[in-house]
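Me: Could you walk me through this structure a bit at a time? I'd like to see how to reason from the numbers.

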Amino acid sequence: MDHHKSHNPDPGFQKHQSAYRRERNDSGRNHREFQNVRSNHHHHHPYQYQSGPTPGKNPPSSRGLSTRRENYERDFPVYKQPVEVGCFSLDSERRFFNDSRQMRYYSEPDGNPHFDLKDGYKDRYIKRDESVKEKLDHILRWILANRSKLSSKVATTASPCALDVDFVTWRGHLTKLLTTPYETREGWLLAVTRFRNTLYISEVETEAARRELENRTERHREMMYWGYKFEQYTCADNVDSSPDPGGVVNTNEAFCTVVQTRLADHRLLFSGEVDCRDKDPNAPGPPACYVELKTSAEICTPKQRSNFHRFKLLKWWAQSFLPGVPRVIAGFRDHDGVVVTVETFPTSKISHLIKSEPNCWKPTVCMNFCSDFLTFVKHTATEDNPSVVYLFSYEPHRDVTYSVHRDSQYSFLPHWYVREITSSQDSQH
């Protein structure tokens, strides 16, 4: 759910619209409504970068990857049109199903919605337990259930690649990478394990994120509910039914798409939660029929509009561009949590909206940084071993650094997955 210099359009961007189609001859929903947007206090001075590893975190020998925006202002990299290779559902108890039973259908609200997002927060809300860290488990279950769609045609003993992809991860982790050159408040930790020549990327909770979770205000918790409640007002369980805002909001439930694509020379397989799809029977197939739903505060001042363009639209764009979701539909709410207008943002047009913002974000910087990070990971995470984790760390205004951990608390590939992949591969030889 949840920058272009105005005088000189970025030349790399001219190719961006057709970025999906450009191919050189050769494939956790964020409902949080950070309304305590610390982004209001962004400093717009140039970054004071420090190169090199974070003191005390890594041995001085570890090389870093720069996050300076100017290093990534080049042509938009090839990004293949994402293809949906499957989907899965999580039910009200977070159980995995290899099907689309949790898919919902978008129901267009009328011109004067007046949706009360507070409704049901106290008595009709079942909240997912955020202390349970699921890592990549649901995607891995999907992979085991769909091996035939993925296994390499030419698995050789010399290069045992169990899956025909370079990276497996969640869409949300890639979204974090895309936005990193512009992220001045929150760091991240990404754990990477190379197993059978595929690199798996899983997020590790940072100390700051853990504290934020523990210290969330009641207001913040309620505002996170608002995003889910907006979905309940705008989504129906099937094509012919209407939304039921009187029901229970259960955030355990999810419908996820699994897509395959390629960024430069990185073959990606990732999954992301999808809010709903177009009701029209003639709508294009997935992911082009999917709709991302968001809520945001009403925009009343130029400062609010600028912050919306600089921070919120960046995350919305990144999140929807990656899986090829063509539109974001946003409910704008007043201070009391009542949606007063609903607006559609075509993903391909979002980066045009921000062109008038001075020194704003640029899609090409986001995609080139992500591509270079994946290259950095390939060169760094070389040992093929499910119990070895390369931990990549980012702190705002710093380079990305890494450390290596064996049989540590960071290991995330479950034994059942390793065993199944290993035994099925060995039986092929």
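Reply: Sure. Before we start on the loop, here's what the labels stand for: helices (at least four residues) and strands (at least two) are DSSP runs, numbered from the N terminus. Also keep in mind that this is a predicted model.

Me: Okay, where does R94 lie?

Reply: Look for two strands, β1 at 83–90 and β2 at 96–97. R94 lies in the loop between β1 and β2.

Me: And is R94 buried or exposed?

Reply: The relative accessibility of R94 is 17%. Buried means under 20%. So R94 counts as buried.

Me: Which side chain does the side chain of R94 make a polar contact with?

Reply: R94 touches several residues further off in sequence, including R128, H138 and T251. Its side chain also has a polar atom 2.7 Å from the backbone oxygen of N252. The side-chain partner, at 2.8 Å, is E134.

Me: Let's go to D137. Which residues is D137 in contact with, leaving aside its neighbours within four places in sequence?

Reply: D137 is found in helix α1. Its C-alpha atom is separated by 8.0 Å from that of L413, although the two are 276 residues apart along the chain. Leaving those sequence neighbours aside, the residues in contact with D137 are F412, P414 and W416.

Me: How is α1 placed relative to α9, roughly parallel or roughly antiparallel?

Reply: Helix α1 covers residues 137–145 and helix α9 covers residues 415–426, and their axes come within 11 Å and cross at roughly 25°. Angles under 35 degrees count as roughly parallel. So α1 is, relative to α9, roughly parallel.

Me: Is the crossing of α1 and α9 left-handed or right-handed?

Reply: The contact is made by D137, L140, R141, I143 and L144 of α1, with W416, Y417, E420 and I421 on the α9 side. Those residues divide into six nonpolar, no polar and three charged. As for its hand, the crossing of α1 and α9 is left-handed.

Me: Now α3 and α8: are they roughly parallel or roughly perpendicular?

Reply: The axes of α3 (residues 171–179) and α8 (residues 363–380) come within 7 Å and cross at roughly 115°. The range from 65 to 115 degrees counts as roughly perpendicular. So α3 is, relative to α8, roughly perpendicular.

Me: How many nonpolar residues are in the contact of α3 with α8?

Reply: From α3 come L174, L177 and L178, and from α8 come C366, M367, F369, C370 and F373. The contact has no polar and no charged residues, and the number of nonpolar ones is eight.

Me: Next, Y225. What separates the C-alpha atoms of Y225 and G120?

Reply: Y225 lies in helix α5, residues 218–234, and is buried, with a relative accessible area of 0%. Among the residues Y225 touches are L117, Y121, V249 and G120 itself. Y225 and G120 are 105 residues apart along the chain, and their C-alpha atoms are separated by 9.4 Å.

Me: Last one: which residue's backbone oxygen lies 2.6 Å from a polar atom of the side chain of T261?

Reply: T261 sits in strand β11, which spans residues 254–263. With a relative accessible area of 0%, T261 is buried. The backbone oxygen 2.6 Å from a polar atom of its side chain belongs to K80.

Note on methods: Residues are numbered from 1 along each chain as its sequence is written. This is a predicted model: local features need pLDDT of at least 70, side-chain atom pairs count only at pLDDT 80 or more; totals for chains, interfaces and linings use all residues. Side-chain values use heavy atoms; hydrogens and water are left out. Buried means under 20% relative accessible area, exposed over 50%, partly exposed in between (1.4 Å probe, protein chains only). A polar contact is a pair of N or O atoms within 3.5 Å; within protein, one must be able to donate a hydrogen and the other to accept it, and residues adjacent in sequence count only if both atoms are side-chain atoms. Axes are lines fitted to C-alpha atoms, for helices over the stretch in contact, and angles run from 0 to 180 degrees between N-to-C directions. Angles under 35 degrees count as roughly parallel, over 145 as roughly antiparallel, 65 to 115 as roughly perpendicular and the rest as oblique. A crossing is left-handed if the near helix is turned anticlockwise from the far one by less than a right angle, and right-handed if clockwise. Contact means heavy atoms within 4.5 Å. Ala, Val, Leu, Ile, Met, Phe, Trp, Tyr, Cys and Pro count as nonpolar, Asp, Glu, Lys and Arg as charged, and the others, Gly among them, as polar.
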